[in-house]
Amino acid sequence: MWGKLVMRVLPDQQIQGTIRFRGTPIPIEGSWNESAQQIMFHSPYAAYSGHLSIYDDVQIQLRHLVLTGRLQMLPPSLQAGEYGTWVATTDISLPEYSGYVPPQPSSTSLPPVGVFVTSNILYGNSRL
């Protein structure tokens, strides 16, 4: 299922925001561990945990941010007790980026395809 995740990290590493499925915003709250780059949050229907990966693509001047993890559906969801995985992606322009991100280990691995799909949707490239 596709949805839109909007969150902000508060100064005390707490997270607030919404996750939107089928046009309905559902509140989320949780925590962010910056040193481990791990996230945990929940909505009234599911609990999520995950890890942040960062990929800089210098050729196209984008920093890809990829959150991946596990989820467990909670009551009152009709799927309560079921488990699954989730991926959230976004990217930012490297020349405009001014925030701090801890150094990433060097890697030759490519980010998941979802990063490229997100970039294509955000920047209007209809060739997928």
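In which sense do strand E5 (residues 46-57) and strand E6 (residues 62-73) pair, and over how many bridges? The two strands pair in the antiparallel sense, over 12 bridges. Strands pair, in the usage of this report, if DSSP finds at least two bridges between them. Strands (E, at least two residues) and helices (H or I, at least four residues) are DSSP runs, numbered from the N terminus.

The structure is a predicted model, in which local features need pLDDT of at least 70 and side-chain atom pairs count only at pLDDT 80 or more, while totals for chains, interfaces and linings use all residues. Residues are numbered from 1 along each chain as its sequence is written, and side-chain values use heavy atoms, with hydrogens and water left out.

## Overall architecture

The protein contains 1 helix and 7 strands. Along the sequence these elements follow the pattern β-β-β-β-β-β-β-α. Of its 128 residues, 27% count as buried; buried means under 20% relative accessible area, exposed over 50%, and partly exposed in between, with a 1.4 Å probe and protein chains only. The accessible surface, from the Shrake-Rupley method with a 1.4 Å probe, comes to about 8,700 Å², and 57% of this surface belongs to carbon and sulfur atoms. Contact means heavy atoms within 4.5 Å. Among contacts between residues at least 6 apart in sequence, 35% join residues at least 24 apart.

## Strand pairing

Three antiparallel pairings are set out below.

| Strands | Sense | Bridges | One bridge pair |
|---|---|---|---|
| E4 and E5 | antiparallel | 5 bridges | Gln38 and His51 |
| E5 and E6 | antiparallel | 12 bridges | Gly50 and Gly69 |
| E6 and E7 | antiparallel | 11 bridges | Arg70 and Thr85 |

Strand E7 covers residues 83-93. E4 and E5 form a hairpin with 3 residues between them. The hairpin of E5 and E6 has 4 residues between the strands, and Gln61 in this hairpin takes a positive phi near 60 degrees.

Ser49 offers a view of the pairing from one position. This residue is found in strand E5, and its bridge partner in E6 is Arg70. Ser49 counts as partly exposed because its relative accessibility is 31%. Leaving aside neighbours within four places in sequence, Ser49 is in contact with Ile39, Met40, Thr68, Gly69, Arg70 and Trp86. The C-alpha atoms of Ser49 and Leu67, which are 18 residues apart along the chain, are separated by 9.3 Å.

A further residue of E6 is Arg63. Arg63 counts as buried because its relative accessibility is 13%. Its side chain and that of Asp56 are joined by a polar contact of 2.5 Å. A polar contact is a pair of N or O atoms within 3.5 Å; within protein, one must be able to donate a hydrogen and the other to accept it, and residues adjacent in sequence count only if both atoms are side-chain atoms.

## Nonpolar core and aromatic cluster

In soluble globular proteins, nonpolar side chains tend to be buried together. A nonpolar core is a set of buried Ala, Val, Leu, Ile, Met, Phe, Trp, Tyr and Cys residues joined through side-chain atoms within 4.5 Å. The largest such core has 16 residues, of which Ile39, Phe41, Tyr48, Leu67 and Trp86 touch the most other members. Strand E2 (14-21), strand E3 (24-33), E4, E5, E6 and E7 each supply at least two residues of this core. E5 gives the most, with 4 residues.

Rings of Phe, Tyr and Trp (its six-membered ring) pair if their centres lie within 6.5 Å; planes under 30 degrees apart count as stacked, over 60 as edge-to-face and the rest as tilted. The count by this rule comes to 3 aromatic pairs. One of them, Phe41 with Tyr48, is stacked, at 4.7 Å centre to centre and 15 degrees between the planes. Phe41 and Trp86 form an edge-to-face pair, at 5.5 Å centre to centre and 75 degrees between the planes. Phe41 lies in strand E4 (residues 38-42) and Trp86 in strand E7, so this pair ties together parts that are 45 residues apart in sequence. Phe41 and Tyr48 are both buried, and Trp86 is buried as well. Phe41, Tyr48 and Trp86 form one aromatic cluster.

Beyond neighbours within four places in sequence, the contacts of Tyr48 are Ile19, Phe21, Ile39, Met40, Phe41, Ser43, Arg70, Leu71 and Trp86.
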